[in-house]
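Thanks for coming. I will keep this short and go through one structure on the screen.

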Amino acid sequence: MYLPTHFKQEDLKELFDLVENNPLGSLMVVHEGEIEANHIPLELDRSVDANGVLRGHIAKANPLFHLLDNDQSAYVIFHADQAYISPNWYEGKQEHHRVVPTWNYRVVHVKGKIRKVEDDKYLRGVLARLTRTHEATQPLPWKMGDAPNDFIAEQLEKIVAIEIKIDSIIGKFKVSQNRSAVDAGNVAQALENKNTQMAESVRRYYFK
């Protein structure tokens, strides 16, 4: 990833927060020169080692299932807020017109070793935690116990747990840090009613 210094985010708490708030990871492994890419909701366990562990599940019908018979390196990208930035929002547009459009975004890139875990108890734990987390805002949260036991057992036969031990984690928080404070303030103001999350990110990470 191209990563100018002013966009680099290395604060582990910030990186972990982004992953937990945007858990759908773009997971990639390379096999015989080809990239196998999947989009998988992952849970982060911050307590394991220095960089944490990601856990999730895949279908056994997924080609990735057989690729994990051997040791594999994985690359996962987590995407947060993003927004188009118009040059009309820069003060230079009115003075010299030497400005161009760009895009603001926040992402986290993770590298690690991936393995499948063929253990029913482990798989149920992963599913229970993912469900509990993402059902938390429901008036009556769904849980696996709501479904018939035979149905759940049938579904579990079709999937397998995966685990990614994180070797490295880095973030790119591109939120107008390469612009003047006036320009960054204008960007945040312009996004206020279009993309409030990015407006907040510009204010938080530029003017901190």
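I will start with one helix and then move to the aromatic rings. Bear in mind throughout that this is a predicted model.

The helix is H4, residues 120-134. With 15 residues at 1.5 Å a residue, H4 should span 21 Å, and its end C-alpha atoms are 21 Å apart, so the expected and computed values agree. At the start of the helix, Asp 119 places a side-chain oxygen within 3.1 Å of the backbone nitrogen of Lys 121.

Which residues of H4 are buried? They are Leu 123, Gly 125, Val 126, Leu 127, Leu 130 and Thr 131. As for what covers them, the list includes three strands from earlier in the numbering, S3 (34-41), S4 (43-45) and S5 (53-59). It also includes helix H5 (149-156) and strand S8 (159-174).

Now the rings. How many aromatic pairs does a search of the whole structure find? The search gives three. I will show two of them.

One of the three is Tyr 84 with Trp 103, with 5.7 Å between centres and 70° between planes. Planes over 60 degrees apart count as edge-to-face, and this pair is edge-to-face. Tyr 84 belongs to strand S6 (residues 72-85) and Trp 103 to strand S7 (residues 102-117), so the pair ties together parts 19 residues apart in sequence. Buried or exposed is not a clean choice for either ring: Tyr 84 has 42% relative accessibility and counts as partly exposed, and Trp 103, with a relative accessible area of 41%, is also partly exposed.

Another pair is Tyr 206 with Phe 207. Here the ring centres are 4.6 Å apart and the planes are at 55°, so the pair is tilted. Phe 207 is partly exposed, at a relative accessible area of 41%.

Next, charges over rings. Lys 116 lies over the face of Phe 65, at 3.7 Å from the ring centre. In a second case, Arg 179 has its charged end over the ring of Tyr 90, 3.9 Å from the centre.

Staying with Lys 116, there is one more residue to place beside it. His 66 is 50 residues away from Lys 116 in sequence, while their C-alpha atoms are 9.5 Å apart in space. His 66 lies in helix H2 (residues 64-67). At 53% relative accessibility, His 66 counts as exposed, because the cut-off for exposed is over 50%.

That is what I have on the helix and the rings.

Terms used
Residues are numbered from 1 along each chain as its sequence is written. This is a predicted model: local features need pLDDT of at least 70, side-chain atom pairs count only at pLDDT 80 or more; totals for chains, interfaces and linings use all residues. Side-chain values use heavy atoms; hydrogens and water are left out. Helices (H or I, at least four residues) and strands (E, at least two) are DSSP runs, numbered from the N terminus. The expected span of a helix is 1.5 Å times one less than its number of residues. Buried means under 20% relative accessible area, exposed over 50%, partly exposed in between (1.4 Å probe, protein chains only). Contact means heavy atoms within 4.5 Å. A polar contact is a pair of N or O atoms within 3.5 Å; within protein, one must be able to donate a hydrogen and the other to accept it, and residues adjacent in sequence count only if both atoms are side-chain atoms. Rings of Phe, Tyr and Trp (its six-membered ring) pair if their centres lie within 6.5 Å; planes under 30 degrees apart count as stacked, over 60 as edge-to-face and the rest as tilted. A charge sits over a ring if NZ of Lys or CZ of Arg is within 6 Å of the ring centre and within 35 degrees of the ring normal.
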